[in-house]
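Biologist: Please take one part of this model and go through it closely. I would like to see what surrounds it and what holds the neighbouring parts together.

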Amino acid sequence: MTVGTDSPAQARSVTPHAPEQGAPPPAPEPPDPRAERPPGPADFHGVHPDDLPDGLVVADETGRVVCFNAAAARITAVPAGRALGLPLDRALPLEDLKGHRWWTLTDPYGGLATRRGQPERNLLLPGGREVLVSARYLREHPTGPVRRVVVSLRGTEARRRTERSHAELIATVAHELRSPLTSVKGFTATLLGKWERFSDDQKRLMLETVDADAGRIKRLIAELLDISRIDSGRLEVRRQPVDIAAAVGRHVQAHTAAGQSPDRFFVRIRPELPPLWADPDKIDQILGNLLENAVRHGEGTVTIEVAPATTHTGGQSDGSPGGEEGTEVTVSDEGPGIPEESMNRVFTRFWRGSKRGGTGLGLYIVKGVVEAHGGTISVGRGPGGGAEFRFILPVGTPAHLV
């Protein structure tokens, strides 16, 4: 190893008064940006239907559309001006997945007088595009006639991406688990059935293989748990004082003990590192993944540099740039590096830099762990032409020690 509390806005008077003699005429008020919006229900505390993230369609007691917001126009590809005033079933010609006309089936104005709406479901727009639709029927009293039908529209793209990602995760993990489980089952069954036929050396070899495969299964399950916690925002960070330089040294020694040449690693520790409070296990997880990637997928010398850094947190009240102390760790190699077109996908699920094994989940987890510490991580091209990963962690000193 080479080493200002603003006062509440005053209510503006609406009583006209004559300007003082010699005073310049009052400046005209700026136009209301909502003036050009399509007509719709009155604003509620300044919120216009076009400000809503989901599509909103409202029909009156006659079944004609009186509100068709911007999101609804975007989702249906129907201009609001064309939809307003049309019967609801013409402005929004929906079908269920069997091809039945949805408004004919649900009959909001002539159906059961106790019905209050329709739950969210997948329906089809003209052209076969799916959309998530829910409806609410508004009545003056519980069994009275429908005075308003309020329809909510949402695109299905985000939900489909999530479902596809979950399906890919299950398929990937199932595939990765199958091989070690087959090995564990096979060797244990063989040992139990034919124990006396094997020598001690043969038994030891098979048990070592079982132990290694069990460790692989354990790591896969740990990855699944980490992904679940990252996606749900429940990843816990148990901060303690961490000697980042010593942690780097341990990982380098582990690689040299596993057969890597000590000359392959160059470690540079800058002086005056700030004290770092972080989760030691998760720091090991970050370093282990980055070094493993550099050794397995990179070439030449693997360089690890630890240096003090400043994490930017905004501006100070005096106008000077804000920031706090942090620690920066850079891991680079001299291999072919990562293609420029792949840089923005490195930290996504299932990205693999090569065909040499792995689930493609490691860097996704690394990014989640770094961000759980309040840090940042980036990827680029190192001085030697290979991949360079750099993460910065704020010192994270507990409040009671500040």
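Modeller: Gly-374, just after helix α9, takes a positive phi of about 85°. The model is a predicted one. The helix that precedes this glycine, α9, spans residues 362-372. Of its 11 residues, 8 are buried, so the helix is largely enclosed by the rest of the structure. The buried ones are Gly-362, Leu-363, Tyr-364, Ile-365, Val-366, Gly-368, Val-369 and Val-370. The cover over these residues includes α6 (200-232), α8, β11 and β12.

Lys-367 is missing from that buried set: at 27% relative accessibility, this lysine counts as partly exposed. Glu-371 is also partly exposed, with a relative accessible area of 43%. These two side chains meet in a salt bridge, 2.6 Å from N to O. Both residues lie in α9, 4 residues apart, about one turn of the helix.

Next come the two strands that help to cover the helix. β11 covers residues 376-381, and it pairs with β12 in the antiparallel sense over 6 bridges. Within this pairing, Gly-380 stands opposite Glu-388 of β12. The two strands make a hairpin with 5 residues between them. In its turn, Gly-385 has a positive phi of about 95°.

β12 runs from residue 387 to 394, and several of its residues can be followed outwards. Start with Phe-389, which belongs to one of the aromatic pairs; a search of the whole structure finds 2 of them. The ring centres of Phe-389 and Phe-347 are 6.1 Å apart and the planes stand at 80°, so this pair is edge-to-face. Phe-347 sits in the loop between β10 (324-332) and α9, while Phe-389 is in β12, so the pair ties together parts that are 42 residues apart in sequence. Both phenylalanines are buried.

Phe-391 leads into the interior. The largest nonpolar core has 46 residues, and Phe-391 and Ile-304 are those with the most contacts inside it. Helix α8 (residues 280-297) gives the most to this core, with 7 residues. With neighbours within four places in sequence left aside, Phe-391 is in contact with Ile-286, Leu-287, Leu-290, Thr-327, Glu-328, Val-329, Val-370, Thr-376 and Ile-377. Val-370, one of these contacts, is also among the buried residues of α9. In soluble globular proteins, nonpolar side chains tend to be buried together.

Pro-394 is another residue of β12. This proline is buried, with a relative accessible area of 9%. The C-alpha atoms of Pro-394 and Pro-308 are separated by 9.9 Å, although the two prolines are 86 residues apart along the chain.

α8 has a charged link of its own. Asp-284 forms a salt bridge with Arg-250, with the closest N and O atoms 3.3 Å apart. The aspartate lies in α8 and the arginine in helix α7 (residues 244-257), so the pair ties together parts that are 34 residues apart in sequence. Both partners are partly exposed: Asp-284 has a relative accessible area of 23%, and Arg-250 has 46%. The structure holds 13 salt bridges. Elsewhere, Arg-238 and Glu-236 meet through their side chains at 2.9 Å, N to O. Arg-238 is exposed, with a relative accessible area of 55%. Arg-268, Arg-270 and Glu-305 are linked in a network of salt bridges.

Last, the second core. Apart from the largest core lies another, of 26 residues, among them Val-65, Val-78, Leu-88 and Leu-123. Val-65 is in β2, where it is the bridge partner of Ala-59. β1 (residues 55-59) and β2 pair in the antiparallel sense over 3 bridges. They belong to an open sheet of 5 strands with antiparallel pairing, in the order β2-β1-β5-β4-β3. β2 (65-68) and β3 (117-124) stand at the edges, each with a single partner strand, so one side of each is left without a neighbour in the sheet. Neighbouring strands of this sheet are turned by 20° against each other on average, direction ignored.

Terms used: Residues numbered from 1 in each chain as written. Predicted model: local features only at pLDDT ≥ 70, side-chain atom pairs only at ≥ 80, totals over all residues. Heavy atoms only, no water. Pairing = 2+ DSSP bridges. Axes fitted to C-alpha atoms, helices over the stretch in contact; angles between N-to-C directions. Phe/Tyr/Trp six-rings, centres within 6.5 Å; stacked < 30°, edge-to-face > 60°. Buried < 20%, exposed > 50% of the residue type's maximum accessible area, 1.4 Å probe, protein only. Core = buried A, V, L, I, M, F, W, Y, C linked by side-chain atoms within 4.5 Å. Contact = heavy atoms within 4.5 Å. Salt bridge = Lys/Arg side-chain N within 4 Å of Asp/Glu carboxyl O.
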